[in-house]
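User: I should like to go through this structure step by step, with the reasoning behind each answer. Please begin with the overall architecture and then turn to individual residues.

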Amino acid sequence: MALNRGIGVSFTQRIRKIEQDLEDVRNEFLKGMAREVVLSSPVDTGTYVMSHNVGERSAAGQFTGNIRYIGPPGQNRGAMQQEALSKLYTQIDALPAEQTRVSLSNNSAHANLVENGGANWTRSPYKIYETARNIAPSVLQEAINKVKGGR
């Protein structure tokens with residue numbers, strides 16, 4: 001009888017390890033995607049880069065009607081990116097372990113213009129989220145490799 005009990009404990013430990021690995025892959029993947037989105041984001045006033053969010057639901061389209069700028073034009077790109085990444089990492093770390101549906105989105109008033117361009121734009125649109133979707137498989141593989149390597 002003790003043999004069966006030992007197998008059960010070992011099996012339970014393996015299941016817990018698999019669950020932890022899956023959560024770690026999810027978090028590493030989300031942090032990788034957050035990095036890609038933030039480092040691809042333009043920084044002028046800081047409004048767009050600071051409006052990225054990670055959560056259970058998309059924050060896209062939740063514009064309140066009040067355009068609010070974080071700061072004057074010409075903000076320090078590196079400092080704004082670091083602050084935005086810190087915010088996103090905090091949101092990722094706060095996700096419940098059982099959370100399987102997660103959204104990375106931007107709720108700034110001009111998110112659609114940044115992504116797709118505008119009628120009077122003289123440059124190509126940034127296509128930040130489109131690019132992120134295209135590289136997601138490689139970011140996922142990197143997350144899997146990192147978690148596997150940490151065993």
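Contacts and architecture of the chain

User: What share of the contacts between residues at least 6 apart in sequence joins residues at least 24 apart?
Analyst: The model is a predicted one. Contacts in the chain between residues at least 6 apart in sequence form the reference set, and the share that joins residues at least 24 apart is 81%.

User: In what order do the helices and strands follow one another from the N terminus?
Analyst: The chain contains four helices and two strands. Read from the N terminus, these elements run α-β-α-β-α-α.

User: What percentage of the residues counts as buried?
Analyst: The accessible surface of the chain amounts to about 9,900 Å², and carbon and sulfur atoms contribute 52% of that surface. The chain has 151 residues, and the buried share of them is 33%.

User: Which residues make up the nonpolar surface patch?
Analyst: One of the members, Ile15, is found in helix H1, which covers residues 2-40. Ile15 has a relative accessible area of 34% and is therefore partly exposed. Together the members of the patch have about 400 Å² of accessible area, and they are Phe11, Ile15, Ile18 and Leu22.

User: Is Ser41 buried or exposed?
Analyst: Ser41 lies in the loop between H1 and strand E1 (52-55). Leaving out residues up to four places away in sequence, Ser41 touches Tyr48, Val49, His52, Arg77, Gln81 and Ile128. Its relative accessible area is 0%, and the cut-off is under 20%, so Ser41 is buried.

User: Which backbone oxygen does the side chain of Ser41 reach?
Analyst: The side chain of Ser41 comes to 2.7 Å from its partner. That partner is the backbone oxygen of Val37.

User: Which residues does Ala84 contact, leaving aside its neighbours within four places in sequence?
Analyst: Ala84 lies in helix H2, and its relative accessible area of 1% makes it buried. Ala84 and Val49 are 35 residues apart in sequence, yet their C-alpha atoms are 6.3 Å apart in space. With neighbours within four places set aside, the contacts of Ala84 are Val38, Val49 and Met50.

User: How many salt bridges does the structure hold?
Analyst: Side chains of opposite charge can pair when their charged atoms come close. A pair is counted when a side-chain nitrogen of Lys or Arg is within 4 Å of a carboxyl oxygen of Asp or Glu. By this rule the number of salt bridges is four.

User: What is the N to O distance in the salt bridge between Asp21 and Lys17?
Analyst: Asp21 and Lys17 are four residues apart in helix H1, so about one helical turn separates them. Asp21 counts as buried at 10% relative accessibility, whereas Lys17 is partly exposed at 39%. Their side chains meet with an N to O distance of 2.6 Å.

User: How many residues apart are Lys31 and Asp93?
Analyst: The side chains of Lys31 and Asp93 form a salt bridge at 3.0 Å, N to O. The pair links distant parts of the chain, with Lys31 in helix H1 and Asp93 in helix H2 (residues 77-93). Lys31 counts as buried at 17% relative accessibility, while Asp93 is partly exposed at 49%. In sequence, the separation of Lys31 and Asp93 is 62 residues.

User: Which residue has a positive phi although it is not a glycine?
Analyst: Most residues other than glycine have a negative phi. The residue in question has a phi of about 50°. It is found in the loop between helix H3 (111-116) and helix H4 (128-149), and it is Lys127.

User: Which residue does Lys127 meet in a salt bridge?
Analyst: Lys127 is partly exposed, at 26% relative accessibility. The partner is likewise partly exposed, with a relative accessible area of 35%. The N to O distance is 3.8 Å, and the partner of Lys127 is Glu130.

User: What is the geometry of the aromatic pair formed by Trp121 and Tyr126?
Analyst: The structure holds one aromatic pair. The ring centres of Trp121 and Tyr126 are 6.3 Å apart, and their planes lie at 85°. Trp121 is partly exposed at 31% relative accessibility, and Tyr126 is partly exposed at 29%. Planes over 60 degrees apart meet the cut-off, so the pair is edge-to-face.

Terms used
Residues numbered from 1 in each chain as written. Predicted model: local features only at pLDDT ≥ 70, side-chain atom pairs only at ≥ 80, totals over all residues. Heavy atoms only, no water. Buried < 20%, exposed > 50% of the residue type's maximum accessible area, 1.4 Å probe, protein only. Contact = heavy atoms within 4.5 Å. Areas by Shrake-Rupley, 256 points an atom, 1.4 Å probe, with all protein chains shown as cover. Patch = residues over 30% accessible without salt bridge, like charges linked within 9 Å, V, L, I, M, F, W, Y side chains within 5 Å. Polar contact = N/O pair within 3.5 Å; in protein donor to acceptor, adjacent residues only side chain to side chain. Phe/Tyr/Trp six-rings, centres within 6.5 Å; stacked < 30°, edge-to-face > 60°.
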